[in-house]
Every structure is written in C-alpha cells, then in structure tokens.
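Welcome! Please look over the sequence and the structure below, then try each exercise before reading its solution.

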Amino acid sequence: MARRLADLSLRQSFLFGLPLMVADFSVMWVTVYLVSQLQTLWLAPPYVGVSAAIASLAASLLLLVAYGAALYPAIGMASVIEFRNLVKAAGISVAACSSIAFITVTRGDFLFYVLVGLCSLPLLLFFLPSARFVVRSFMSKFSWWGVPTLIYTTPEHARYLVGHLQTMAERGMKPAGILVSPGQYWDSGCKDIGFPVFDVRDATTCALGLKATWVLIGEDCEVDSPFEVPSSLDLIPNRIVLSQKNPVGLWGERQCIGLGGGVRLQGRYPDTFRCMVKRTFDLLVATTALVLLSPFLLAVVLLIRIGSPGPVFYGQTRVGRFGMSFTAWKFRTMRVNADQLLEECLRNDKALREEWDATHKLKKDPRVTWVGTFLRKTSLDELPQLWNILVGQMSVVGPRPIVDSETYDRSYIVEYPNAFAAYKTVRPGLTGMWQISCRNRGTYEMRIYWDIYYIQNWSLWLDLYITLRTVRTVLLREGAY
C-alpha cells in the first residue's frame, strides 16, 4: 500500500508541475530572447544566433534552480513564498546564464551580457508570477489537475478548511474526504460538510480509494493534552500538521537539533536594518510612481474640478505610527457635505446602517460623485497618499489607516486593544493584505485579522508581493464598488 501511494503521489506531482514548468520555461525564453534581440539594435552581438542560445540556456537553468527551490510541483505553497522562490530562481538563472555566456565567448562582450541580464530581471519579476497565476487559474478547472486531499481534524475545523481549500483551488489541494477520531464518527456535525466522512483508523484504505496522497492534520485547540499524529496516517506520503495553538507564521523554517526537529519562528518586530530597507523601498516606489503618474494625476485634477464644486483634495485625520495623528490625503470623491449626508442616510435607512456597521463601506454610497465612482473602483483616489509616504507618515504597504471616530474606526481602538497596540508599531499603508485579499467584500473583523497577519509576518518579500499583487487588483477591479 505504501508503495502504491508513493507512486501515485509522484504521478500527481508530475502532472501538477508540468504546466508550471512549461509556463516558466516559455516566459524565461521569450523574455531573454526579446531583450537580447533588442540589445542587438545598438550593441553588436557576440555571434549570429546568440539570442536563441542565451534564451535556451537561461530557461534551462531556471528549471533546474526552480526545482531545487521546491517550485515543482509547489502544491499548496503560499503565493508569497512561491513569488519569493520564483524571483530568486530567476535572478540566479539570469546571473549564471550571463556569466557562462560571457566566460565562453570574449571579454569584449561583457556589456552585452550584463545588459541582457539587467533588462530581463524587471520584466521577469512581473511576467513569471503572472504566467503562473494564469496557468494555475486555467488548470484548476480540470478535475485531473490537483491532488485529492484528506482532512483530519474536528468537524468544525474541517468545515473551515474545506471552505478555505475550495476558495484557493489554484493551489492544487482538492478536498476529498474528512477523517475523524472514532469518538466523533457518529457526530451529526460531520455529515453536513459535503464530503464523505471516515474513521481515521481506516485512513490508508480511504486514501487508496480516493487516490488521496495528501492529508491536512489539525490539532484540537480546545484540548490541553499533547497532540499526536495517528499512526494510521503514516503511509500517506504528504502530511501537513496545522497548529492552532502555536501558529508557525509565514516564514517559519525547519530546524533539526540532534535527533529532534522543530520550526524557527521569525521575530515579530524587525531590527533597525530591516526598517531602513523598508523605508528605502517606500521612497523608491513613491518617487517612481509620482514621476511616472504625474500626467495622469494632472488629468484627474481637471476632471474633479469639472465634475463638482469644491477642493480637489480631501484630507482626513488618521491614526499613524506611535498613535500620532496625521492628515491622509485623497482625491475628493464625495460631495462637500459628505459627513452630514452620511449621518442623515444612516439615521433614516436601517439597511444602510447594518451594512455600514458590518463593513464600514456602502456599495451604493449616496455621497460619491460621478468622477469619484471611477476613482474609487480603481482605487486611484488614494494616489495623493504617495505624498504621505514621502514625508514618512505612511508606507507603501501596511495596515489600512484608521479613523478615530464613532462613525468609522472607534471600535478598532476600543474593542480590539491588542490589535490596535500592534497597529501603532508600524506606519499605515497605501495598500496591504486586506486590499488584495478581500477588500470591500470582507467584514470589518477580516480587516483587523489581515492587519495583524501583515504585522506579524512582515518582510521585504511580502511588501514586494503585495505591491505587485495590488496592480492586478486595481486592473481587474477586484472587490471594487
């Protein structure tokens, strides 16, 4: 049985990783080929056909390095981890390719190969993750792509995990069955999850019947006794233990000390150097965006002037780092008397009040102007906050800035004191986890959850991922209204 499951896992991994390998190879080859072809327009190529040769070398190296970085098959891998590993693999491949090509030809062609590498990397930073997203989204529609996954935990937690896996089908894990302890098998709560329920003692037989080579194992957070993985799960090739009592976080690393193993947890608060790196990233992104978008910003200013009377910019007092107040700037998207109009609408319309209390947003906001509707759907109304970033009041990525008022975010401060204490340790962001994860579709509690998640898992890789992911959110208008 163990060999059959192991061979089945190998076959599933190959089928899952093959489309990703094709996508990575194709994007790398096309990018390096086009860049090197453009280089030949103003730099003499080392030899005829160099573009195809260097592109093939770079693409082949990428597959080798990416395999070593666990990017094939990358089943269940978190998006930001995949992004980090993919960018690292692309950088190593391009650098190695340029070095090999330079060494094997002549030193007089040094500039050609260096420029090919430097010009290819920024393009790969965007196109490689984008290609993987397209391939994953497309392939998730096919039943043969992905791995049937068993879930062993309490019925309540199983219901949550099933829903979570179904919303992230592109990650490759497809719920196939629920495993429960013998004492919970006859629990009525197990029968309405939508998947067959099995006694964990029959896990191996169940795995063979469902062709399930992965199992998610969740500990019961309400039980104080030590958690042990049942021996009946030993023959399933891929087992993931999920801890609710001691969350590992995004960047936990496996460590082995003697005969024992564990996970090294990342510190919750960054050191001075990492803070300097984040500030440098903020300044580079804000300065570049202001320069590139300046013509568009001027056009928006004119539209707002034409659209409705009143100032172009709207400043609102927000709570920033260390609890200090600052004025966050936005393009004005509402009528001048917006606050009074909101109070009146919430007082007279019970449905609007319930919607506002749940999300602090209104799908059909009576305060918004026609120009503001466009700016809000594209999130372009927040571009003036690039100035807040330059002066150090905000960051490119961070928690959504809160407003200390009864109408907006007073509940954040009063009802979630621990979350608010964590919020005050960082600068609020122009974009963040909430904006790319659920945006206006999520509840207020989900916003707080994503704020804390970001603060506890911050890294430059996470900032870079969220920044690029925001571009997709804006272009596709995900969760916008």
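A residue counts as buried when its relative accessible area is under 20%, as exposed when it is over 50%, and as partly exposed in between. Please keep in mind that this is a predicted model.

**Exercise 1. Getting an overview**

Task: Find how many helices and strands the protein has, and what share of its residues is buried.

Solution:
- Begin with the elements: there are 16 helices and eleven strands in the protein.
- Next, take the extent: the C-alpha trace spans about 75 × 75 × 45 Å along its principal axes.
- Then turn to burial: of the 481 residues in the protein, 46% are buried.
- Finally, consider contacts with a separation of 6 or more: 73% of them are between residues 24 or more positions apart.

**Exercise 2. A strand with two faces**

Task: Work out which residues of strand 4 are buried on each side.

Solution:
- Locate strand 4 at residues 214–218.
- Count its buried residues: five of its five residues are buried, and the strand is mostly covered.
- Sort them by side: Trp214, Leu216 and Gly218 are on one side, while Val215 and Ile217 are on the other.
- Conclude that both faces of strand 4 are covered.

**Exercise 3. Placing that strand in its sheet**

Task: Determine the order of the strands in the open sheet, and which strands lie at its edges.

Solution:
- Read off the order: five strands form the sheet as 3-2-1-4-5, with parallel pairing.
- Look for strands that pair on one side only: these edge strands are strand 3 (197–199) and strand 5 (238–242).
- Add the twist, which averages 30° from one strand to the next.
- Go to strand 1 (residues 147–152), which pairs with strand 2 (residues 173–180) in the parallel sense over six bridges.
- Cross to the other neighbour: strand 1 and strand 4 run parallel and are joined by four bridges.
- Use Tyr152 as a landmark: its bridge partner in strand 2 is Leu179, and its bridge partner in strand 4 is Ile217.
- Continue outward: strand 4 and strand 5 also run parallel, with five bridges between them, and Gly218 stands opposite Leu242 in strand 5.
- Finish with helix 6 (residues 203–210), which lies across strand 1, strand 2 and strand 3 and runs at about 155° to strand 1.

**Exercise 4. Two partners for one helix**

Task: Describe how helix 4 packs with helix 1 and with helix 2.

Solution:
- Recall what to look for: two packed helices are described by the angle between their axes and the distance between the axes.
- Take helix 1 (residues 2–39) and helix 4 (residues 110–139): their angle is about 150° and their axes are 8 Å apart.
- Apply the cut-off: angles over 145 degrees count as roughly antiparallel, so helix 1 is roughly antiparallel to helix 4.
- Note the crossing of helix 1 and helix 4, which is right-handed.
- Check the residue classes: the contact of helix 1 with helix 4 has 19 nonpolar, four polar and three charged residues.
- Now take helix 2 (residues 50–68), which packs with helix 4 at about 50°, with the axes 13 Å apart.
- Classify this angle: helix 2 and helix 4 are oblique to each other, and their crossing is right-handed.
- List the contact: helix 2 gives Val50, Ile54 and Leu62, and helix 4 gives Phe112, Tyr113, Val116 and Leu128.
- Sort these by class: seven are nonpolar, with no polar and no charged residues.

**Exercise 5. A loop with unusual backbone values**

Task: Find which peptide bond is cis in the loop between helix 2 and helix 3, and whether Ala70 and Ala74 are buried or partly exposed.

Solution:
- Start from the background: most residues other than glycine have a negative phi, and most peptide bonds are trans.
- Identify the cis bond: it runs from Tyr72 to Pro73, with omega near 10°, and Pro73 lies in the loop between helix 2 and helix 3 (79–104).
- Look at Ala70 in that loop: its phi is positive, near 65°.
- Judge its exposure: with a relative accessible area of 43%, Ala70 is partly exposed.
- Move to Ala74, also found between helix 2 and helix 3, where phi is positive at about 60°.
- Judge again: Ala74 has 4% relative accessibility, so it counts as buried.

Conventions:
Residues numbered from 1 in each chain as written. Predicted model: local features only at pLDDT ≥ 70, side-chain atom pairs only at ≥ 80, totals over all residues. Heavy atoms only, no water. Axes fitted to C-alpha atoms, helices over the stretch in contact; angles between N-to-C directions. Helix = DSSP H or I, 4+ residues; strand = E, 2+ residues; numbered from the N terminus. Parallel < 35°, antiparallel > 145°, perpendicular 65-115°, else oblique. Left-handed = near helix turned anticlockwise from the far one by under 90°. Nonpolar A, V, L, I, M, F, W, Y, C, P; charged D, E, K, R; others polar. Pairing = 2+ DSSP bridges. Contact = heavy atoms within 4.5 Å. Buried < 20%, exposed > 50% of the residue type's maximum accessible area, 1.4 Å probe, protein only.
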